[in-house]
Amino acid sequence: MDGTDDPVMEGPKPGPLPPADDAQAVALLQNGDGSGLKSLYDKYSNLVYSVALRSLGDTAAAEDVLQEVFLQLWRKPHSFDPARGSLPAWLAVLTRNRAIDARRRRRPEVDIEDVPLAGSLDLEDRAVRQALTSKARECMAGMPAEQRRDVELAFFAGMTHSEIAAKTGEPLGTVKTRIRTGLITIRRALS
Amino acid sequence: MTNEEHLALMDKLTLYALGELPGPEAVQVREHLESCGTCRREYAEVSEGMVLLALTASGPAAPARSRERLLAAAGLLEAKRPVRSEAADMPRDLEENVPLYAPMRRPWWSFASPFAAALLALFAILLWVNNSNLRNNLEAARGKLGDTQAQLTQAQLIADALTSPLVQKVSLSLVGGGQKKVPGAHTMYLRNRKAIVLIASNLAPLPTGKAYELWLLPASGAAPLAAGTFAPDAKGSAVMTHTEMTQAPEAKGFAITVENAAGSEKPTSPILLVGS
């Protein structure tokens, strides 16, 4: 996170204490308490915006996705299921999917409640996120250039495997393998 | 489920994680994940790899205005309710079909740029008008200064003519006489400054296009030199300073004739007043 993904919006303000953790913030959110939304926004808005910006390459469009993701969270607070992963992991994937939808100028194809995610990564702690980010970047930097390209085209640009194969001239099977092994490599590198 | 079917579904896990599988196939994979531990483990790795990949994008900070925009759209800005979206005012259970993109409100300062440009243009016009007025005033002041300087020069010359020990004073009197109010004139010749001051009184009015002309009569006997034209006022008085003499010979006297208003190079009419 480079120390920039956490609250930057405003300094401390007098008033009720912020939620102690994501679980408490989500509980407030599910009770219609706006302080839950504010807390989660202050904590994860930079992460969401960064992913959207990387995918879209346009600040205004990324800001729109940022709005959409948190509004969805506000309007459907029960859509996040802690059993399927941590909130920041869920937000990151949800953001990537919404950004890809925006790139393709289409309505969301996957409902917020059906965002496929399962994992045990706990990204709530800022220091942990920073450490994982550094390692993930190192892993990507050490990946073969073709594989890194295919993984990024699939994830950030939202290109299908077939589109990547057509664009790069590589066989479809090669592209599929590169992307699958690339994602698993990143994960295993951090084990 | 056969091993081939299992491998086929396993092959789709990455596509499923990336959200690329069409609905029926996604449902098939999701159901398979509930019953297959091997695929669940691989799917977890792929999903977590995606999350870690997303983290590599982190760095840019969300725009500061986004927080207020979000809170307004969510109906959480009490003091700024007018900017809330319609969706924010709806019951929560009716919001699912509401477009999720809150309309982008123009921040108040976005009007500053055109306003500043208009203000700048107006300011430039006012400056231009003011500058024109200043130029006109300056020209008028220069004109007045020129007039004042001319008057000062004339006054200085008159003062010198009255006080200078070098002045040559000549009183001119009527040639022939016979009028009730006798016209007369006095000249003061400052030879060292090539200047003459004339003071005349009781001069008769002149026809249009005519002027009195003063002549310097050189002591050498040479032809008279034109020494300036002048016209009397309503009372017949006139004061003239002549400083445009090309030469300043010793004078034995002065004479006045009536000439055209533009002046003549030599006298063309009888001498009215003469003195030596």
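**B:Gly209**

I started with the contacts of B:Gly209 in this predicted model. Leaving out residues up to four places away in sequence, I find that B:Gly209 touches B:Asn260 and B:Ala261. I checked the second of these: B:Ala261 sits 52 residues from B:Gly209 in sequence, yet the two C-alpha atoms are 5.2 Å apart. I placed B:Gly209 in the loop between β3 (195-201) and β4 (210-218) of chain B. Is B:Gly209 buried or exposed? I count 8 C-beta neighbours inside 10 Å, so B:Gly209 goes down as exposed; the cut-off for that is 12 or fewer.

**Positive phi in chain B**

While in the β3-β4 loop of chain B I also looked up B:Asn202, which lies there. B:Asn202 is not a glycine, but its phi is positive, about 60°. I made a note of that because most residues other than glycine have a negative phi. B:Asn202 has 16 other C-beta atoms within 10 Å, so I list it as partly exposed.

Then I went to B:Lys194, in the loop between β2 (184-190) and β3 of chain B. Its phi is near 50°, again positive in a residue other than glycine. With 14 other C-beta atoms within 10 Å, B:Lys194 is therefore partly exposed.

**The strands around B:Lys194**

What do β2(B) and β3(B) form? They make a hairpin with four residues between them, and B:Lys194 is in the turn. I followed the pairing next: β2(B) and β3(B) run antiparallel, with seven bridges. One pair I picked out is B:Leu190 with its bridge partner B:Ala195 in β3(B).

β2(B) also pairs with β1 (residues 168-174) of chain B, antiparallel again, through six bridges. There I found B:Ser171 opposite B:His186 of β2(B). So how many residues of β2(B) are buried? I get five of its seven, which puts the strand down as mostly covered.

**Chain B overall**

Stepping back, I tallied seven helices and eight strands in chain B. Of its 276 residues, 27% count as buried. Looking at contacts between residues at least 6 apart in sequence, I see that 52% join residues at least 24 apart.

I checked confidence too. Mean pLDDT for chain B is 81, and 86% of its residues reach 70 or more. Residues 80-105 of chain B are a stretch I'm leaving alone, as pLDDT stays under 50 there. The model still has 31 contacts beyond four places in sequence for that stretch.

**Chain A overall**

Over to chain A, where I count eight helices and zero strands. Along the sequence that reads α-α-α-α-α-α-α-α. Chain A has 191 residues, and buried ones make up 48% of them. For contacts with a separation of 6 or more, residues 24 or more positions apart account for 66% in chain A.

**α8(A)**

I picked α8(A) for a longer look. This helix has 18 residues and spans 25 Å from its first C-alpha to its last, close to the 26 Å expected at 1.5 Å a residue. Which residues of α8(A) are buried? I list A:Val175, A:Lys176, A:Arg178, A:Ile179, A:Arg180, A:Gly182, A:Leu183, A:Ile186 and A:Arg187.

I then asked what these buried residues pack against. Within chain A, the partners are α5, α6 and α7 (161-168). From chain B, α2 (13-17) and α4 (37-55) join in.

**Where A meets B**

That took me to the interface, where 56 residues of chain A are in contact with 41 residues of chain B. On the chain A side, the elements giving two or more residues are α2 (34-56), α3 (59-75), α4 (87-103), α5 (126-142), α6 (145-155) and α8 (172-189). Which of them gives the most? It is α2(A), with 11 residues. Sorting the chain A side by residue type, I get 32 nonpolar, 11 polar and 13 charged.

Last entry, the scores for the model: ipTM is 0.83 and pTM is 0.53.

Methods. Residues numbered from 1 in each chain as written. Chains lettered and ligands numbered in written order. Predicted model: local features only at pLDDT ≥ 70, side-chain atom pairs only at ≥ 80, totals over all residues. Contact = placed C-beta atoms within 7 Å. Nonpolar A, V, L, I, M, F, W, Y, C, P; charged D, E, K, R; others polar. Buried ≥ 20, exposed ≤ 12 C-beta atoms within 10 Å, placed from the backbone. Pairing = 2+ DSSP bridges. Expected span 1.5 Å × (residues − 1). pLDDT = per-residue confidence, 0-100.
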